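Got a model open and wondering where its labels come from? Let's go through a few of them together.

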Amino acid sequence: MRKMNVAIVGATGAVGTQMIKLLENSSLPLGTVKFLASKRSAGKQLSFKGETKTIEELVPDSFDGINLALFSAGGGISAKFAPEAVKRGAVVVDNTSHFRMDPDVPLVVPEVNAAALRNHQGIIANPNCSTIQMMVALEPIRKAYGLTRVIVSTYQAVSGAGNQAMEELKQQTRDFLAEKPVNEWKADILPCGGDEKHYPLAFNALPQIDVFSDEGYTNEEWKMINETKKIMEDDTIKVSATCVRIPVMSGHSESVYIETEKAVTVAEIQALIADAPGAVLEDDPSQQIYPQALNSVGKKGTFVGRIRKDPDEEKGIHLWVVSDNLLKGAAWNSLQIAETMYEMNLFE
Ligand code: A2P
């Protein structure tokens, strides 16, 4: 069995840390494993499979001898270093948005479009966290009943914005509990590091994730719109999104409204979800059973509940979709792509 030499880029980050944990239990036969981050972290140590490993500074030559590189260190780093990794013979699975809409780069949720991996040219993009979990829930419905429209509102956790954003929320929470006035709380990162103004997230809800772009939508919202069409290979599906950051540490929740092509009952959708790969049905209002962000943390599945018909629209259905954004939304989907490629014999 061929050994895989793996590099994790952004190994100290919120997603990179989860990638390391998942790699410890991966089905991939591991050879060399490298953990890469910025100069700031070079020399720090961590434990991997009982051994002490040292974080190395990311440089182009880091990829010599590597066959799989998992990137999660920001779009700029991927833009610069993913082509370097490919040049040196590695397959890159990139968790940033940098290559996602490139027509030569497959954008993959393994439960939905693993076949697209066969067309890769060295880089595979991991979709946006909110898009991934929505795809796991909607693909079985699309396949069986057709999908004409999706309107989604997200309730996204702060870990999606990285370690520093999590620390900022924790400090604001401490300030609130210490009864410090809101105008004295520190807010330097959220809603979005790249924008001019910053607002507190603690005990708040911020309807901005990423910067604003065309037609009053944020980039995060455009990602959900465009990536859905690319993954489902259907430009005719009408998609609209409102993305909101809430003070939850991990676990993205989504209120998803869909319209199907053919009429469908709630029981039929429940049966589809119960059988769908990667999806877990949690839907029993009589017992107050529904997906919750807190319960999703540390799990690989996408949890689906509150399935109900729109009272006025025959083909309209509402769902509540929850998943751990750091796992299925990022680290697990990336590693699952790599494991799927290994099973499909796509590593040369
Ligand atoms: P470092 O910890 O050395 O800054 P998060 O998404 O949680 O903010 O994490 C971002 C990840 O990207 C971290 O592992 C961070 O490493 C890494 N990173 C940031 N800038 C660079 C860089 N210039 N070169 C390599 N890794 C970087």
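Here is a short question-and-answer round on this predicted model.

Q: What makes the protein chain as compact as a globular protein of its length?
A: The chain comes to nine helices and 14 strands. Its radius of gyration is 20 Å, close to the 20 Å that the globule rule gives for 348 residues, so the label fits. Along the principal axes, the C-alpha atoms fill a box of roughly 60 × 55 × 40 Å.

Q: Why is Arg-40 called exposed?
A: Exposed means over 50% relative accessible area. Arg-40 has 74%, so it earns the word. You'll find Arg-40 in the loop between strand E2 (30-37) and strand E3 (45-48).

Q: Why does Ser-41 count as buried?
A: The cut-off for buried is under 20%, and Ser-41 has a relative accessibility of 7%, so buried it is. Ser-41 also lies in the loop between E2 and E3. Leaving out residues up to four places away in sequence, Ser-41 touches Thr-12 and Ile-55, and a touch here means heavy atoms within 4.5 Å.

Q: What makes Gly-160 partly exposed?
A: Partly exposed is the range between the 20% and 50% cut-offs. Gly-160 has a relative accessible area of 46%, so that's where it falls. Gly-160 sits in the loop between strand E9 (147-156) and helix H5 (163-177). Not counting residues up to four places away in sequence, Gly-160 touches Arg-245 and Asn-325.

Q: How do you know which residues belong to the "binding site"?
A: That comes from the UniProt record, an unreviewed entry, which covers Thr-12, Gly-13, Ala-14, Val-15, Arg-40, Ser-41, Ser-159, Gly-160, Pro-181 and Asn-325. They are spread over 314 residues of sequence, and in space by up to 34.8 Å between C-alpha atoms. From this set, the lining of the largest pocket takes in Thr-12, Gly-13, Ala-14, Val-15, Arg-40, Ser-41, Ser-159, Gly-160 and Asn-325.

Q: Where does the "Semialdehyde dehydrogenase NAD-binding" domain label come from?
A: UniProt again: the unreviewed entry places that domain at residues 5-120. Over that stretch the chain is 24% helix and 27% strand, with the end C-alpha atoms 19 Å apart.

Q: How much of the protein chain is buried?
A: With buried meaning under 20% relative accessible area, buried residues make up 53% of the 348. As for the outside, the accessible surface comes to about 15600 Å², with 49% belonging to carbon and sulfur atoms.

Definitions and conventions:
Residues numbered from 1 in each chain as written. Predicted model: local features only at pLDDT ≥ 70, side-chain atom pairs only at ≥ 80, totals over all residues. Heavy atoms only, no water. UniProt positions renumbered as here; feature names shortened; annotations may be inferred. Helix = DSSP H or I, 4+ residues; strand = E, 2+ residues; numbered from the N terminus. 1 Å grid on protein atoms, 1.4 Å probe; cavity = no way out; pocket = protein on both sides within 12 Å on 5 of 7 lines; lining within 4 Å. Buried < 20%, exposed > 50% of the residue type's maximum accessible area, 1.4 Å probe, protein only. Rg over C-alpha atoms; globule rule 2.2 N^0.38 Å. Areas by Shrake-Rupley, 256 points an atom, 1.4 Å probe, with all protein chains shown as cover.
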